[in-house]
Amino acid sequence: MRRPLIAALLALCAAGAAAEQTIPASDSHVTRMGRTVAGDDGTVRFGYAGVTLLLAVDGTRLAVDAAGGSRSLVDVIVDGKPAGTLRLAPQMTRYDVFKGAAPGPHKVELVHRGETWLGVPSIARFTSDGTFLAAPALPARRLLVLGDSVTCGADMERGAGDKDTPDWWNPRQSYGMLAARALDAQVQLVCYGGRGLVRSWNDRTDEFQLPAFYDLAIADAAHPVQWNQAAYDADLIVIAIGTNDFNPGIPERVAYVDTYTALLRRVLRDHPHAQIALTEGVLLNGDKKAALIGYLKEAMGRVGDRRVHLLAPVAYQPGDAVNGHPTTAQHAAMAAELLPQLRRITGW
């Protein structure tokens, strides 16, 4: 009597195992938003803030095999609602995205919470007890935001008395991603904390600045990966750079304007269908803000292209007593200021 029972249990286990499906992260059932690099084995790597992987599953459980640096965080959004944060280990590890969910279809988003210098995550594969559905579609409109730590959503969500930690980053609520959702656009955040157009916040010029990391899929100095600009035909590009250049003092005018002019010409060439919107950002004030706006106007004049627009100055948002980066509420205020101008430029 026991042998038929054991055989039946083994058959049930085998049936359950057979029903389990695994796909690589680069599979056509997975949509990728942002700059990513797919390996020959199907593993997807990325560094920039806000990179998002989207998929839909008809099942009750979904797991992901992933790895990252010790400070790599990936937010999980299930059916439009935040469902936790994955803290990636350096070695490839399996994580539950969701389990015990109600039967039926579920849409999942994995959003890179950090930025390149905090770690470069790798997503290898997804495993489910159900069926992988058609890849979710992204909006047709394409937004590209070039910037620094503010664009990356750095230090937005600080806890009172806490030391600055990777948990404080939240690009999903940054002005760039808020604006993208309001404009019904997909978005790439190409940003790096502490960097500028010609120098970093601490006056260093031997690090990747915007003209360098603009051309990178992964801006890791030890292992940089090039980006093919033709892979993302942007409709609208916002350039929000300069805060870190001006931190040590107002940079020399001619060299700065020369560099900005060259960058604008490259962006116009690489993205022939895009409108380009320039902003001085929210962390400069007084003479520094006025100087940067003057530099932007001069660069625009040299380029002489009607696709380049200077946005009206945005309100000064110096963070709070805990940290000098804009808070989540200040990011929302910045997006609210920029949106009417971006709509006028694009007709969206």
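Trainee: Which classes of residue make up the lining of the largest pocket, and how many of each?

Mentor: Ten nonpolar, ten polar and seven charged residues. Ala, Val, Leu, Ile, Met, Phe, Trp, Tyr, Cys and Pro count as nonpolar, Asp, Glu, Lys and Arg as charged, and the others, Gly among them, as polar. This is a predicted model: local features need pLDDT of at least 70, side-chain atom pairs count only at pLDDT 80 or more, and totals for chains, interfaces and linings use all residues. Residues are numbered from 1 along each chain as its sequence is written, and side-chain values use heavy atoms, with hydrogens and water left out.

Trainee: What volume does the largest pocket have?

Mentor: About 510 Å³. Its lining has 27 residues, and the closest to the centre are Ser149, Gly194, Trp201, Asn244 and His325.

Trainee: What makes a pocket a pocket?

Mentor: Take a 1 Å grid over the protein atoms alone; a pocket is an open set of points where a 1.4 Å probe fits, with protein on both sides within 12 Å along at least five of seven lines. Lining residues have an atom within 4 Å of a point. The volume is the space filled by probe spheres set on the points, which are joined across faces, edges and corners.

Trainee: Which helices each supply at least two residues of the lining of the largest pocket?

Mentor: Helix H2 (149–152) and helix H5 (243–246). H5 gives the largest share, three residues. Helices (H or I, at least four residues) and strands (E, at least two) are DSSP runs, numbered from the N terminus.

Trainee: What is the volume of the second largest pocket?

Mentor: About 310 Å³. Of its 17 lining residues, Met33, Leu54, Glu109, Arg181 and Ala185 are the closest to its centre. Strand S5 (52–58), strand S10 (105–112), H3 and S14 each supply at least two residues of this lining. By class, it has ten nonpolar, two polar and five charged residues.

Trainee: Leu55 lies in strand S5. Why is Leu55 called buried?

Mentor: Its relative accessible area is 0%. Buried means under 20%, exposed over 50%, partly exposed in between (1.4 Å probe, protein chains only). At 0%, Leu55 therefore counts as buried.

Trainee: What does Leu55 touch?

Mentor: His29, Val30, Leu62, His106, Lys107, Val108, Phe126, Phe132 and Pro136, not counting residues up to four places away in sequence. Contact means heavy atoms within 4.5 Å.

Trainee: Why is Asp184 called partly exposed?

Mentor: Its relative accessibility is 49%, so Asp184 counts as partly exposed. Asp184 lies in the loop between helix H3 (175–182) and strand S14 (185–191). Its phi is near 55 degrees, a positive value in a residue other than glycine.

Trainee: And why is Asp203 partly exposed?

Mentor: At 41% relative accessibility, Asp203 earns that label. Asp203 is in the loop between S14 and helix H4 (210–213). Its phi is also positive, near 75 degrees.

Trainee: How do you know that strands S17 and S18 pair?

Mentor: Pairing needs at least two bridges found by DSSP. Strand S17 (residues 236–240) and strand S18 (residues 275–278) have four, in the parallel sense. So they pair. In S18, Ala277 is the bridge partner of Val238.

Trainee: How many bridges join S18 and strand S19?

Mentor: Three, again parallel, with S19 covering residues 308–310. Ala277 stands opposite His309 in S19.

Trainee: What makes the β-α-β unit of S18, helix H7 and S19 right-handed?

Mentor: Point the strands away from the viewer; a path running clockwise from the first strand over the helix to the second is right-handed. S18, H7 (residues 286–303) and S19 make such a right-handed unit.
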